[in-house]
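Thanks for coming, everyone. I'll walk you through one structure today. Please have a look at it first.

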Amino acid sequence: MRDPRTAPGLLMIEGRQYWFCLEGVWKSEIPPKPGLAVDVKLDTAGRILAITAVSDSQFAKEQAERSVDMGKAAGVKILRKIAAKCGMSNLLRH
């Protein structure tokens, strides 16, 4: 995020740049600053409707949840390989 207090702000979301002004879209009491994690709500045309700062604890929680999900997916993949080697590949379908 680029600081929007002196000029239009800039967000990068999945490699795409989004310009914005604070008025009307900034929904947090925390002032914006570069590097701040935010949640962004976009309309169907890709315009920014709302930007909300994410607390450090919420950001850490979301990262931990993603790590757990990745670990589960890796575990299922390993179990499928083992089941296939044992001739029980039908046990782990979904």
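Start with S28. Leaving aside residues up to four places away in sequence, S28 touches I51, T52 and A53. This is a predicted model, by the way. Keep that in mind for every value I quote.

Where does S28 sit? It lies in the loop between strand 2 and strand 3. Is S28 buried or exposed? S28 is buried, because its relative accessibility is 18% and the cut-off for buried is under 20%. Its side chain also makes a polar contact. It reaches the backbone nitrogen of A53 at 2.7 Å.

Now look at E29. E29 is also in the loop between strand 2 and strand 3. E29 is exposed, with a relative accessible area of 85%. How far apart are E29 and A53, in sequence and in space? They are 24 residues apart in sequence. C-alpha to C-alpha, they are 8.5 Å apart.

Let me step back to the whole chain. The protein has one helix and four strands. What is the order of the elements? From the N terminus, it goes β-β-β-β-α. There are 94 residues, and 22% of them count as buried. The exposed surface comes to about 7300 Å². Carbon and sulfur atoms supply 57% of that surface. One more overall number, on contacts. Take those between residues at least 6 apart in sequence: 35% of them join residues at least 24 apart.

On to the strands, beginning at the N-terminal end. Strand 1 covers residues 9-13, and strand 2 covers residues 16-20. They pair in the antiparallel sense, over five bridges. Which residue of strand 2 stands opposite M12? That is Q17.

Strand 1 and strand 2 form a hairpin, with two residues between them. Find E14 in that turn. E14 has a phi near 50 degrees. That is a positive value in a residue other than glycine. Is E14 buried or exposed? E14 counts as exposed, because its relative accessibility is 83% and exposed means over 50%.

Next, the other hairpin. Strand 3 is 38-42 and strand 4 is 48-53. Strand 3 and strand 4 also pair in the antiparallel sense, over five bridges. One pair to pick out here: the bridge partner of K41 is A50, in strand 4. This hairpin has five residues between its strands. G46, in the turn, has a positive phi of about 85 degrees.

Stay in that loop and find D43. D43 is found between strand 3 and strand 4. What does its side chain reach? It reaches the backbone nitrogen of A45, at 2.9 Å. A polar atom of the D43 side chain also lies 2.7 Å from the backbone nitrogen of R47.

There is a side-chain link to R47 as well. Side chains of opposite charge can pair when their charged atoms come close. Here, the side chains of D43 and R47 meet in a salt bridge, 3.0 Å from N to O. How many salt bridges does a search of the whole structure find? It finds one. R47 itself counts as exposed, at 54% relative accessibility.

Next door in sequence, we come to I48. I48 is in strand 4. Is I48 buried or exposed? I48 is buried, because its relative accessible area is 14% and buried means under 20%. Which residues does I48 touch? Not counting residues up to four places away in sequence, I48 touches L11, Y18, W19, F20, V25, V40, K41 and L42. Take F20 from that list. I48 and F20 are 28 residues apart in sequence. In space they are 7.2 Å apart, C-alpha to C-alpha.

Last stop, the helix. Helix 1 covers residues 56-85, and I78 lies in it. I78 is exposed, with a relative accessible area of 51%. Which residues make the nonpolar surface patch? I78, L79 and I82 make it, and its area is about 290 Å².

To recap. S28 reaches the backbone nitrogen of A53 with its side chain. D43 and R47 meet in a salt bridge. I48 is buried in strand 4. And I78 is part of a nonpolar patch on the surface. Thanks, that's my tour.

Note on methods:
Residues are numbered from 1 along each chain as its sequence is written. This is a predicted model: local features need pLDDT of at least 70, side-chain atom pairs count only at pLDDT 80 or more; totals for chains, interfaces and linings use all residues. Side-chain values use heavy atoms; hydrogens and water are left out. Patches are made of residues with over 30% relative accessible area and no salt bridge: like charges are joined within 9 Å, nonpolar side chains (Val, Leu, Ile, Met, Phe, Trp, Tyr) within 5 Å. Accessible areas come from the Shrake-Rupley method with a 1.4 Å probe; for residues, only the protein chains shown count as cover. A salt bridge is a side-chain nitrogen of Lys or Arg within 4 Å of a carboxyl oxygen of Asp or Glu. Buried means under 20% relative accessible area, exposed over 50%, partly exposed in between (1.4 Å probe, protein chains only). Two strands pair if DSSP finds at least two bridges between them. Contact means heavy atoms within 4.5 Å. A polar contact is a pair of N or O atoms within 3.5 Å; within protein, one must be able to donate a hydrogen and the other to accept it, and residues adjacent in sequence count only if both atoms are side-chain atoms.
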